[in-house]
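Trainee: I keep seeing labels such as buried, salt bridge and edge-to-face. Could we go through one structure and ask what each label rests on?

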Amino acid sequence: MGKKPLGYVVEDYEDTITIFQWALERAGYEVEVAKDGATAQKRLTEIVPDLIVLDLHMPNVTGDVLLQQIRSDERLKHTRVFLATADANMAAQLRDQAELVLLKPISLSQLQNLAELFLPNIEE
């Protein structure tokens, strides 16, 4: 087995981070976490995740701003984005820019199963 795909969790609530991280690891991802938008914004200039689970309401830089950055970065054009939010209205406005919109609360098994569906083909 080669290198694991990278999952990037951008979430500020500790309990949710634990659930997201565990679900992605179970699905086969190496996981990195950012707990605020400014940290995520900087780190996204350095890494190319295969999957990003993005909370829309983040401190310092909001998720919609991060999503715009992700979608305008040529390096991240193959990165899958799952929006994770309790804000159904904001999610609806951004739905066409993400692979999936997950409305909180999100179950562990739901996220794990969805993350597995989006695992990249590693045999390249």
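Mentor: What follows takes the labels one by one and sets each value against its cut-off. Keep in mind that this is a predicted model.

Trainee: Let's start with Asp36. Why is Asp36 called buried?

Mentor: Buried means under 20% relative accessible area. Asp36 has 18%, so it counts as buried. You'll find Asp36 in the loop between β2 (30-34) and α2.

Trainee: And what does Asp36 touch?

Mentor: Leaving out neighbours within four places in sequence, Asp36 is in contact with Met58, Pro59 and Asn60.

Trainee: What makes the Asp36–Asn60 pair a polar contact?

Mentor: The side chains of Asp36 and Asn60 come to 3.1 Å, and the cut-off for the N or O atoms is 3.5 Å, so the distance fits.

Trainee: Is Asn60 buried or exposed?

Mentor: Exposed starts over 50%, and Asn60 has a relative accessible area of 66%, so exposed is the right word. Asn60 sits in the loop between β3 (51-55) and α3 (63-72).

Trainee: What is notable about the backbone of Asn60?

Mentor: Its phi is near 75°, a positive value in a residue other than glycine. Most residues other than glycine have a negative phi, and most peptide bonds are trans. On that second point, look at the bond from Lys104 to Pro105: it is cis, with omega near 5°. Pro105 belongs to the loop between β5 (100-103) and α5 (108-117).

Trainee: Staying with Lys104, how do you know that Lys104 and Glu11 form a salt bridge?

Mentor: The closest N and O atoms of the two are 2.7 Å apart. The limit is 4 Å, so the pair qualifies. In general, side chains of opposite charge can pair when their charged atoms come close.

Trainee: Where in the chain are the two partners?

Mentor: Lys104 is in the loop between β5 and α5, Glu11 in the loop between β1 and α1 (14-27), and they are 93 residues apart. Glu11 has 1% relative accessibility, so it is buried. Lys104, at 25%, counts as partly exposed, because that class runs between 20% and 50%.

Trainee: How many salt bridges does the structure hold?

Mentor: There are 9. One of them joins the side chains of Arg43 and Glu32, at 2.5 Å from N to O. This one also links distant parts of the chain, with Arg43 in helix α2 and Glu32 in strand β2, 11 residues apart. Arg43 has a relative accessible area of 26%, so it is partly exposed, and Glu32 at 23% is partly exposed too.

Trainee: What about Glu46 and Lys42?

Mentor: Their side chains meet in a salt bridge at 2.7 Å, N to O. Glu46, at 43%, is partly exposed, whereas Lys42, at 55%, is exposed. Salt bridges that share partners join Glu32, Lys42, Arg43 and Glu46 into one network.

Trainee: On to the rings. Why is the pair of Phe82 and Phe118 called edge-to-face?

Mentor: The angle between the planes is 80°, and planes over 60 degrees apart count as edge-to-face, so the label follows. The centres are 5.2 Å apart, which falls within the 6.5 Å needed to be a pair. The structure holds 1 aromatic pair. Phe82 is in strand β4 and Phe118 in the segment after α5, 36 residues apart. Both Phe82 and Phe118 are buried.

Trainee: Now α3. How do you know that its buried residues share a side?

Mentor: The buried residues of α3 are Gly63, Leu66, Leu67, Gln69 and Ile70. They cover an arc of only 160° around the axis, which puts them on the same side of α3. On the other side, Gln68 and Ser72 are exposed.

Trainee: Which elements do the buried residues of α3 pack against?

Mentor: They pack against β1, α2 (37-43), β3, β4 and α4.

Trainee: Last one: which residues have the most contacts inside the largest nonpolar core?

Mentor: Tyr8, Val10, Ile52, Leu54, Ile70, Val81 and Leu83, in a core of 23 residues. At least two residues of this core come from each of β1 (6-10), β3, α3, β4 (80-85) and α4 (88-94). Apart from it lies another core of 17 residues, with Ala23, Val31, Phe82 and Ile106 among them.

Terms used:
Residues are numbered from 1 along each chain as its sequence is written. This is a predicted model: local features need pLDDT of at least 70, side-chain atom pairs count only at pLDDT 80 or more; totals for chains, interfaces and linings use all residues. Side-chain values use heavy atoms; hydrogens and water are left out. Helices (H or I, at least four residues) and strands (E, at least two) are DSSP runs, numbered from the N terminus. Buried means under 20% relative accessible area, exposed over 50%, partly exposed in between (1.4 Å probe, protein chains only). A nonpolar core is a set of buried Ala, Val, Leu, Ile, Met, Phe, Trp, Tyr and Cys residues joined through side-chain atoms within 4.5 Å. Rings of Phe, Tyr and Trp (its six-membered ring) pair if their centres lie within 6.5 Å; planes under 30 degrees apart count as stacked, over 60 as edge-to-face and the rest as tilted. The arc is that of the directions from the helix axis to the C-beta atoms. Contact means heavy atoms within 4.5 Å. A polar contact is a pair of N or O atoms within 3.5 Å; within protein, one must be able to donate a hydrogen and the other to accept it, and residues adjacent in sequence count only if both atoms are side-chain atoms.
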